[in-house]
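Colleague: I am new to reading structures. Could you walk me through how some of the labels are given?

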Amino acid sequence: MARGTLVQKIIEAHYISGSRVPGEPVAIKIDQTLTQDATGTMAYLELEAMGIPQVKTELSVSYVDHNMMQNGPENRNDHLYLQSVGANKGVIFSPPGNGICHQLHLERFGIPGKTLIGSDSHTPTGGGIGMMAIGAGGLDVALAMAGKPFRIPYPKVVGVKLTNRLRPFCAAKDVILKLLSILSTKGNVGTIVEYFGDGVATLPVPQRATITNMGAELGVTTSVFPSDEATREFLKLQKRESTYVPLAADPDAEYDRVIEIDLAQIVPMAACPSSPDNIKTVAELAGIPVDQVLIGSCTNGGYRDLATVAAMLKGKHISDNVTLGIAPGSRQTLEMLARNGMLADLVAAGARILEVGCGPCIGQGQSPADGTVTLRTFNRNFAGRSGTKGDQSYLVSPETAAATALTGVFTDPAAAGLEVPVFTEPESYFIDDAYFKQPKAGTEIIRKPTIGEPPSNTALPENLDGVAVIKVGDKITTDHIMPAGVHLKLRSNIPAYSKVVFECFTQPGKPSFAERAAAVRDAGKAGIIIGRDSYGQGSSREHAAICPMYLGVKAVAALAIERIHRANLVNFGIIPMIFDDAADYDAIEENDALFFAAIREQIKTGNSLTAELRKADGSIKTIKFTALLSEADKLTILAGGTLNQ
């Protein structure tokens, strides 16, 4: 077991109850929360359903950064609800155009040593300044705002020792891509990554935040850097130096595993289609024609990154074969670029300036053409996430993206003969917090017709008479389960959004998953989803549990289920369970019956579950599962979900 780590120190400072044994549940106090609009609307509806008059955290912030296109009234209806309910409940509101939640929270609100949970999987960005920042489902965030503790498995701690310093044209993005090549996107549940070593001091906070942001793709609980002089300098630039606290692991800290990365050996890298852990060096990809380059997002949309790109493009023009989009991560970044002339350099080079927000990172615009390559400085390249079926999406650093935009082909910036960009930190950053809307007690909550209610569930029955409605393979993401893009505006309307569950698997002329699941539900049976390895990876969107629950799903069986999705399933009364024998996955086919006799009693007495697999030919096979449930989880499942409790 790890000892003397920074992770353990932060947990101890916030410890409420539970076991300090890795894998066992531990409850911690949460200091801060954040929500974004695509998940936040449901979170505040859930908070209202609990009857909580005022949030009980030290700080809660509601950001609008996802649904800003406003094609129809739905998005703006959500914004008005979020601003008014936040004012009523004691939550700061950040309006559309102000910035992406993770970038803004890092700049204006993050404090070393504090705990933060957010209804977005990239909340771990805050680990760049020494926070324990964790992504969670909206209901867990609502519970934290209500003053309830947050439960996680007591973590194993992987120490990543950084040595030396990065060479020119090599970036923090290349560091996290290197780590993804080592750890992959699966098998890291219940783990926190902690960075240490002399190389840490060479990375400023924005670069650390890039690493912790994309650490979400590892499937770990979170990632954290120490809080040191670089942290103090960042907070000083943000005129928040008074919040600085030095934090570090003990010199003799022991980790469950140590990985050493020599920063001087890092080379430009890329995540290839269609997974963040499909890693190659840029040199291996050199010369591949590229049609689109997009720079920005919460991973690489800060001032340092965009100023570096502006320096590389100044006085040059992008290739005639490329479209280049720039999406700043915050209003602060955009205004600083505008004030110092760098925005003009980007425009003159041929860049299209996109709205400050998530935008194309979540499929909101800028979809690539069929059969073309798109380079993005984002954190995910799941198949179809760009909005184009069969997309060829690569994830790279801003330096690689800028070099490629100039040549029109995949280009290693370190081998392109470009002048090394020199970044000079300004004496201070431009600060204007006027756009943050402060709470005002007694504000009337605005609820337009498209704002729904959290759907209700029923308690778990005595026997579970189930049907395998769908069988899917490895690495099923929450994008597969609940598509984003044009469907995001339906997030506040569960009956409408439920119609597109597993839409990517619908075959022409065949009933959709939603139609088949609803038919099973209406026949008085329970829907069961069969998955394989790493089911539910990716976004924290709890709609990937709410909508299946609305359609009558009562269980998910897989070889492995990712942390946030597992928690969301429990919150909405769906049993997460793991096959005891991987061969049993092969034995089940869609439409097979799975009957769990005395399921309530099985759950009460342990985590071993037994079902009869009943085939259409009359044959019966016993299947055994292990339920992923703590004692508190069991009570939730039996009640039919957290809101039922």
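**Labels and their cut-offs**

Modeller: Let's begin with G536, which is buried, with a relative accessible area of 3%. This is a predicted model, where local features need pLDDT of at least 70, side-chain atom pairs count only at pLDDT 80 or more, and totals for chains, interfaces and linings use all residues. Residues are numbered from 1 along each chain as its sequence is written, and side-chain values use heavy atoms, leaving out hydrogens and water.

Colleague: Why is G536 called buried?

Modeller: Buried means under 20% relative accessible area, exposed over 50%, and partly exposed in between, with a 1.4 Å probe and protein chains only. G536 has 3%, so the word buried applies.

Colleague: What does G536 touch?

Modeller: G536 touches I476, T478, E562 and H565, not counting residues up to four places away in sequence. Contact here means heavy atoms within 4.5 Å.

Colleague: And what makes A142 buried?

Modeller: Its relative accessible area is 0%, so A142 meets the cut-off for buried. A142 touches A43, E46, L47 and M50, again leaving out residues up to four places away in sequence.

Colleague: Why is C547 not in a disulfide?

Modeller: A disulfide is a covalent bond between the sulfur atoms of two cysteines. The test used here is a pair of cysteine sulfur atoms within 2.5 Å. For C547, the closest cysteine sulfur, in C504, is 14 Å away, so that is too far for a bond.

Colleague: How far is the sulfur of C170 from the closest cysteine sulfur?

Modeller: The distance is 17 Å, to C272, which is also too far for a bond. Searching the whole structure gives 0 disulfides.
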